[in-house]
Amino acid sequence: MMADSLLSDTLVAPQPAGGDIDAEVKYNATDSLIFSLDEGTVELYGDAHITYEDITLEADYIRYEMDLNLVIANGMPDSTGSIVGNPVFTDANNSFESKRLRYNFKTQKGFIEEVITEQEGGYLHAEQTKKQSNGHIHLKDGKYTTCDLEHPHFYIALTKAISMPGDKIVSGPAYIVLADVPLPIGLPFGFFPNSMTKTSGILIPKYGEESRRGFYLREGGYYFAMNDYMDLRVTGDIYTNGTWGVRVGSNYKWNYRFSGNLNVRYFKNVTGYKNIEDTYSASKDYAVGWSHSQDSRANPNSSFRASVNLSSSSYDKNHTRNINSVTRSTKQSSISYTKSWPNSPFNMSASLNHSQNSNTKAVYMTLPKISLNMGRITPFKRKSAIGPKRFYEDIQLSYTSLLENKINTYDTLLFTSQVWDDMKNGYKHTIPLSLSIKPFRKTPVLQSFSITPSMNYNGMLYTKQKEKYIYDYNYEYDDLGNITKQTAIVRDTLHSKISYAHSLFPSIGTGLSPKVYGMYTFKGDGRLEQIRHVMTPTASLSFVPDMSALQPNYYRTLVDPKNNNDTVAEYSIYEGQIYGTPTARGASGSLNFSLRNNIEAKMRSKVDTIDELEKVKLLDNLSLSTSLNLFHTDTLTPAWNHISFNGSTRIFKEKLNLSFRGVMDPFGYDSLRTRTAETWFSQTGKPIRLTNASMSAGFSLKSKQDKSGSKAGQEDMDRESQLNNRELAGDDPMGTYDPNVEDYYGDYVDFDIPWSLRVDYSFSYRKPQDEVSIVQTVRASGDFSLSPNWKIGFNTGYDLDKKQFTTTNLSIYRDLHCWEMRISVVPFGNYKSYNFQINAKSSILSDLKYKKTSPWVDNF
């Protein structure tokens, strides 16, 4: 016998005479290699590796018997006596770890003890295992689990089984073991799909019971693995009371091009019983969902996207089990395509849009909306400028075009012929030619003043025209039965006729928007250094001259021949069309005013060594605006428009958001609720009336990781920000706060658990005339984790006007490593329900679960 020690050498095993393995065997070890030429063996110690073709074996000890083409591997005890370096076997099909392994390179068969191998998301344990030459693994006393621990929390005990890597696992008698406790749930045989490719197959339905619709089988059907790019799922529901439904869904993906999914659902929903009067009803519910996204790498100059969420108003109530979906009253959809041309001002977009309200059942659709636009260009600008710039070089030209087809209907009429009769469509294009002149560029106060003359061409294409006619008369009689007055009854009709209307008119606009700054600097050594107020008043004037004598006349006059040809109606043949009439009757002009305010403060740092001032926003925006119609001729109504205001701010280091808006009117109204030229002050003695206003406020808090790694609560919304605002309010004008003295707000609270909280308040006020409508709601949501594996969440709201809670949802989640538990409860209201489920996490064992529910559909 000959022995030698080598460090990390890689050797090629000599091939014995008659040896018929097909490739060289390479091996190395970090500790030592011991050769026995008499026995034809080599022993490898310490991080040993041996490679043959695509087979790799790693272990702390490997014995290679060259004459027999046999390797034997196992782990070795370390200094503490623990076994380390267990064999890890890898080939083209799988990889596994075991306690001891014997493998023949020639026959490709092996015997493995206490093996653990991963099988496409699952783990296969076995006390005794044989590996066959075809790659199949025969095992005895095995375990199949999705738990990745060496001692799994649960498993399916397999008395004997065959694993076919990349295909399936077939077992004999099997039973479930949970926390080392065998459950009285056994199977005569087991079948576990283990394929690396998608496979078509039957989808087992879910079963249960509802008090309203009876027993059910849900989501049973067939799955079609069509190809590598898409699949198809067809499932159905059936209830014992007669309710049934069909679902068709597909997922698709083409790498680096696009991906998406499509779902279509149709149900006939039955409630009550036919033989019981006034209890039976049936509805046809449908829903269409489509999501499509294009990979940005597919085409950088064009994009196609889709987000479709369309359903009947009763679908969510009857068939959705998501509380957020059933309480949402509005839905929107969009399918869009955009295209731009490089080095060109042109771009195009096309879209299909949809919105609906499940409360009113109203549906609004634009099918389609297509636009072709040209960005602003300067056609008279010289390519090679010589000398001073000419004024005409700033003339700008642009082009916009729009084609729309609008449908306003109800979901019950969506697929009827009436939809096509009521739709409105048209085409419009606009060509503006404009020049912006700033005569006072060098005067600071007036440098924002501009004069903008322009020439505008508008063209519109419609498919219908309106005509008004006298349908009949209303008669008034005296005591003798004689007609004393006859009043024409006017009706209108739409004629299908393609026509083109256009206009060409000049306009001029001017505007001034200076900025006015105001500052106040505080004396003393307090933290408040300065307050700055920025006002931006804006005034603009627009004027369009009367061009009716030079424009086509699209207006008509209807006279009454029975009443001396008195005029009973003046109208446009394009009245009610989506873009209106391109020409106006007479001149038009308006004067617009607005004022924007911004207020912020500068604070000194609490730390004396820091000289930099901190900016604190007090008011992000407070704006007021109104306008005056310069050509208003009606003496009974005011020429001034309403006064609108809006504002917003973010305080406490932008944690609390405040916003508000509203409309005020200095004019009154008559008995018909029409605005009058008489002021509100002359009617009531009050200077102005508030017609509507709204306000919203919201803040979010969450735990924060501090330097020591503990969670620091922010319940006081950051003490420093609160201190800043208290000082601004005058509570501490001299900045006498000392962080070493007792805190203004009590003891600081440290939470050891992660948490988050969101609170929103909304207020709405409406008083267009006499009646006042006030709506106030508060919503709160949050969660906290009692431990890394526990999370408790809530979502609730309160209607202060109705004095009742809105839909409230409580949830509990428990991470059980390879299992998970979920509890969701709606404790009261129309959607009172609960759902409890505990299940294995892995999708392979998705049917291994326990579920108990009380659905909200039983409440209706």
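The legends below walk through several close-up views of one predicted model. Because the model is predicted, local features are taken only at pLDDT of at least 70 and side-chain atom pairs only at pLDDT 80 or more, while totals for chains, interfaces and linings use all residues. Residues are numbered from 1 along each chain as its sequence is written, and side-chain values use heavy atoms, with hydrogens and water left out.

**View 1. Strands β4 and β5 form an antiparallel hairpin.** Strands here are DSSP runs of E with at least two residues, numbered from the N terminus, and two strands pair if DSSP finds at least two bridges between them. Strand β4 covers residues 41-52, and ten bridges join β4 to β5, residues 55-65. Among the facing pairs, V42 stands opposite Y64. Two residues sit between the strands of this hairpin, and E53 takes a positive phi near 50°. Y52 belongs to β4; the residue counts as buried because its relative accessible area is 3%, where buried means under 20%, exposed over 50% and partly exposed in between (1.4 Å probe, protein chains only). For a sense of scale, the C-alpha atoms of Y52 and I335 are separated by 56 Å, with their positions 283 residues apart along the chain.

**View 2. Strand β5 also pairs with β6 and with β9.** Five bridges join β5 to β6 (residues 70-74) in the antiparallel sense, and R63 faces I72 of β6. The hairpin of β5 and β6 has four residues between the strands, with N69 in the turn at a positive phi of about 55°. The pairing of β5 with β9 (residues 88-90) is antiparallel too and runs over three bridges; here L57 has F89 as its bridge partner.

**View 3. Strand β32 pairs with β31 and with β33.** Strand β31 (residues 396-410) and β32 (residues 424-434) are antiparallel and share nine bridges; in that pairing, T400 is matched with T430. Along with this, β32 pairs with β33 (residues 450-477) over eight bridges, again antiparallel, and H429 stands opposite G459 of β33. A handy reminder for this view: in a regular strand the side chains alternate between the two faces of the sheet.

**View 4. K466 and E575 meet in a salt bridge.** A salt bridge is counted when a side-chain nitrogen of Lys or Arg lies within 4 Å of a carboxyl oxygen of Asp or Glu. For K466 and E575 the N to O distance is 3.6 Å. The two residues are 109 apart along the chain, with K466 in β33 and E575 in the loop between β38 (566-572) and β39 (588-603). K466 is classed as buried because its relative accessible area is 14%, whereas E575 is partly exposed at 31%. A search of the whole structure finds 25 salt bridges.

**View 5. R675 and D665 form another salt bridge.** Their N to O distance is 2.8 Å. The pair connects β44 (residues 675-679), home of R675, with β42 (residues 656-665), home of D665, and the two are ten residues apart. D665 is buried, with a relative accessible area of 0%.

**View 6. K791 pairs with D783 in a salt bridge.** The closest N and O atoms are 3.3 Å apart. Both ends get an accessibility label: K791 is partly exposed at 36%, and D783 is partly exposed at 24%. Elsewhere, salt bridges that share partners join E39, E43, R63 and E65 into one network.

**View 7. Some backbone angles invite a second look.** Most residues other than glycine have a negative phi, and most peptide bonds are trans. A179, which is not a glycine, has a positive phi of about 55°; this residue lies in the loop between β17 (174-178) and β18 (181-187) and counts as exposed at 56% relative accessibility. N565 likewise has a positive phi, near 55°, and sits in the loop between β37 (555-560) and β38. The peptide bond from L367 to P368 is cis, with omega near -5°, and P368 is found in β30 (residues 362-377).
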